[in-house]
Amino acid sequence: MTAAKTGKPIQSITIVGGGTAGWMTAAALSRLLSGIPGLSIKLIESEAIGTVGVGEATIPQINSFNTLLGINEHEFVRETHATYKLGIEFVDWTRLGHSYVHPFGSFGLDMYGIEFHHYWHRGLAAGDSSGLNDYSISGMAGKLDKFMHPQHNNPKSALSKLGYAFQFDAGLYAKYLRRMAETAGVERIEGKIVHVAQHSDTGFVTHVKLDDETEIGGELFIDCTGFRSLLLGEVLGVGFEDWSKWLPCDRAVAIPCSLGGKNEALTRSTARPAGWQWRIPLQHRLGNGHVYSSAHMSQDEATDLLVANLDGAPLADPNHLRFTAGYRHKAWDKNVVALGLSAGFLEPLESTTIHMVQTGIARLMTFFPTTDFSAPEIAHFNKQNVQDYVDIRDFLLLHYTATERDDSEFWNYCRNLEPPSGLADKLEMFRSSGRIIREHNELFTEASWLAVMTGQGIKPGGWNTANSVIDDAETLKRLAHIRHVVSSTVQQMPSQAEFLAANGSAI
Ligand code: FAD
């Protein structure tokens with residue numbers, strides 16, 4: 001029998017910071033906790049400080065967040081000037097002149113209980129020469145800028161394997177969520193926090209003081225102050241695990257530009273001599289940025305390289321950002337939970353940061369505290385949070401270490417990195433048997449690992465011979481059939497522009 005809990009329900013939550021993380025949290029908590037009588041949720045932000053101003057590409061899990069919030073997808077797309085994203089195209093990562101797609105969703109069709117790629121690998125050994133993207137509805141449609149919704153309840157349709165996310169204007173997204181949160185009763189307070197007060201015995205945060213002397217208290221504080229990590233890092237002194245050794249990129253320069261170049265329903269990442277460039281198509285403009293290692297390239301060089309590789313005319317001055325890859329040792333300490341950049345940051349190569357905010361909110365709901373702030377719950381929250389960072393780091397590292405590039409000091413450094421144990425195990429398993437290990441419900445699926453391992457040129461050591469229910473000839477026939485189903489389905493899909501117009505979500 002466990003001891004009865006002594007804490008009382010939380011009655012006041014103060015969210016500090018109104019960037020993407022702050023407003024996502026405000027919108028979610030005001031909806032999910034609406035049943036707690038008398039609960040007050042406040043959000044403090046400072047227009048003078050502003051937000052990081054980037055963060056436009058998402059992954060399919062955002063659909064669950066939108067559903068949880070009761071968001072109407074077409075309205076959301078229109079209001080945030082969003083486009084549909086079906087995956088990420090990696091250009092020049094494996095070697096110069098090479099490209100591949102990491103599509104959302106999964107490959108092929110259902111195959112007699114064994115993962116599809118074992119049949120594909122067997123087919124290749126039997127003389128087939130198809131590419132992995134030939135089996136991806138999202139990958140093929142993404143390249144052609146086509147879109148329609150998945151049909152998950154029809155396993156015979158290629159559309160059952162389609163996965164999608166969005167690319168949106170981060171500023172409009174925060175505004176959209178702000179409207180939702182304020183309508184649901186969140187009180188927004190404009191002001192700059194100049195002091196954070198703590199309880200003299202417990203060290204719990206009791207209130208924050210603004211530059212106009214206003215004091216705002218709270219039982220639970222959510223730190224969404226961005227890289228500054230004002231409450232968790234600065235005031236509570238929670239340390240930072242520096243992963244620059246693994247992920248040496250520590251700068252970015254972002255410049256939006258007018259639309260231009262080839263339309264694709266994909267975020268594009270092009271490897272550069274000391275990092276990589278993103279290209280994110282929205283309805284009204286392209287988002288662009290260059291993530292680079294300052295040890296290998298100067299700010300001016302990085303900016304010039306970005307400007308020289310824009311598909312349209314620049315629409316703003318360069319926005320220079322500094323960061324360090326890594327995470328806070330505890331995202332939750334005492335009565336402060338950090339969400340967003342204040343909790344940690346791994347470069348946006350696989351668009352995971354907004355997802356980490358979403359995961360943090362979901363986890364906070366799982367371990368939602370009472371006023372006693374029970375230690376085991378907090379410890380679990382922190383443990384799971386760290387595991388997420390480790391999983392994402394390993395997946396990002398796969399792109400950097402499995403490269404043939406040897407044309408710059410940066411790529412030589414990355415290519416020679418010793419993979420951490422989790423990644424090393426995955427690589428060994430794939431290289432020896434073609435199997436993909438996915439543990440503890442980690443974010444990236446077998447299909448994602450397959451796409452990037454294959455794209456980065458890693459060869460499988462074989463395939464699961466339990467796929468012997470059909471012989472080689474039947475395998476080749478089945479593969480050809482799937483390719484036909486995928487390509488004919490893509491042909492019939494509307495273009496993204498047609499889909500947006502037909503659903504009232506074009507701007
Ligand atoms: P911020 O946007 O920095 O917000 C901080 C808030 O805190 C602001 O409202 C500020 O006013 C407030 N604040 C700070 N100090 C005080 C104070 N003293 N008083 C009052 N208020 C204060 N994520 C993705 O998922 N996909 C991407 O494609 C992507 N691309 C990125 C590219 C780069 C180069 C970077 C750096 C990040 C990217 N991200 C991406 C991450 C994404 O931008 C962030 O996760 C997201 O914007 C959340 O930021 P935030 O709200 O934590 O911080």
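The legends below describe close-up views of a predicted model.

**View 1. The open sheet of six strands.**
This view shows an open sheet of 6 strands with mixed pairing, arranged in the order E7-E2-E1-E11-E20-E19. Strand E7 (187-190) and strand E19 (332-333) form the edges, and each of them pairs on one side only. Within the sheet, strand E1 (residues 12-16) and strand E2 (residues 40-45) run parallel and are joined by 5 bridges. One bridge can be located by its residues: Ile15 has Leu43 in E2 as its partner. In a regular strand, side chains point alternately to the two faces of the sheet.

**View 2. The shell around the ligand.**
The ligand is surrounded by 37 residues, of which Gly17, Gly19, Gly55, Gly226 and Gly340 come nearest. Helix H1 (20-32), strand E2 and helix H9 (353-366) each contribute at least two residues to this shell. The most is given by H1, with 3 residues. By residue class, the shell holds 16 nonpolar, 17 polar and 4 charged residues. Where does the ligand lie with respect to domain 1 and domain 3? Both domain 1 (12-56 + 169-242 + 324-373) and domain 3 (251-322) provide residues of the shell, so the ligand lies between them.

**View 3. Positions annotated as a binding site.**
In an unreviewed UniProt entry, the annotation "binding site" covers Gly18, Gly19, Thr20, Ala21, Leu341, Glu350 and Ile354. These positions span 337 residues in sequence and their farthest two C-alpha atoms are 23.5 Å apart, so they do not all gather at one spot. Gly19, one of the annotated positions, is also among the residues that come nearest to the ligand.

**View 4. Ala21 and Leu341 in close-up.**
Ala21 is located in helix H1, whereas Leu341 belongs to the loop between strand E20 (336-338) and strand E21. Is Ala21 buried or exposed? Ala21 counts as buried because 32 C-beta neighbours lie inside 10 Å. Leu341 is likewise buried, with 25 other C-beta atoms within 10 Å. Apart from residues up to four places away in sequence, Ala21 touches Cys224, Leu339, Gly340, Leu341 and Val357. On the same basis, Leu341 touches Ala21, Val52, Gly226 and Phe227.

**View 5. Arg228 and the open sheet of three strands.**
Arg228 sits in the loop between strand E11 (220-223) and helix H7 (230-235). With 14 other C-beta atoms within 10 Å, Arg228 is partly exposed. Arg228 and Ser342 are separated by 114 residues in sequence, but their C-alpha atoms are 6.3 Å apart in space. The view also includes an open sheet of 3 strands in the order E12-E18-E21, with antiparallel pairing. Strand E12 (240-242) and strand E21 (344-345) stand at its edges with a single partner strand each, so one side of each is left without a neighbour in the sheet. Strand E18 (residues 326-328) runs antiparallel to E21, and 2 bridges join the two. Gly326 is placed opposite Phe345 in E21.

**View 6. Lys85, listed as an active site.**
An unreviewed UniProt entry lists Lys85 under "active site". Lys85 lies in strand E3 (residues 83-85). It counts as buried because 30 C-beta neighbours lie inside 10 Å, and the cut-off for a buried residue is 20 or more. Beyond its neighbours within four places in sequence, Lys85 is in contact with Ala57, Thr58, Tyr164, Ala165, Phe166, Gln167, Ala265, Leu266 and Thr267.

**View 7. Helix H13 and the elements that cover it.**
How many of the 10 residues of helix H13 (residues 446-455) are buried? The number is 9, so the helix is largely enclosed by the rest of the structure. Among the buried residues are Trp449, Leu450, Val452 and Met453. The cover over the buried residues of H13 includes strands E4 and E5, helix H4 (116-125), helix H10 (375-401) and helix H12 (421-433). Strand E4 (residues 87-91) and E5 run antiparallel, joined by 5 bridges. Glu89 has Val101 in E5 as its bridge partner. Strand E5 (residues 99-103) is itself mostly covered, with 4 of its 5 residues buried. After H13 comes Gly457, whose phi is positive, near 85 degrees.

Methods:
Residues are numbered from 1 along each chain as its sequence is written. This is a predicted model: local features need pLDDT of at least 70, side-chain atom pairs count only at pLDDT 80 or more; totals for chains, interfaces and linings use all residues. Two strands pair if DSSP finds at least two bridges between them. A residue is near a molecule or strand if its C-beta atom, placed from the backbone, lies within 6 Å of it. Ala, Val, Leu, Ile, Met, Phe, Trp, Tyr, Cys and Pro count as nonpolar, Asp, Glu, Lys and Arg as charged, and the others, Gly among them, as polar. Domain bounds come from an automatic or database domain assignment. A residue is buried if 20 or more other C-beta atoms lie within 10 Å of its own, exposed if 12 or fewer, and partly exposed in between; C-beta atoms are placed from the backbone. UniProt positions are given in the numbering used here, feature names are shortened, and annotations may be inferred rather than shown by experiment. Two residues are in contact if their C-beta atoms, placed from the backbone, lie within 7 Å.
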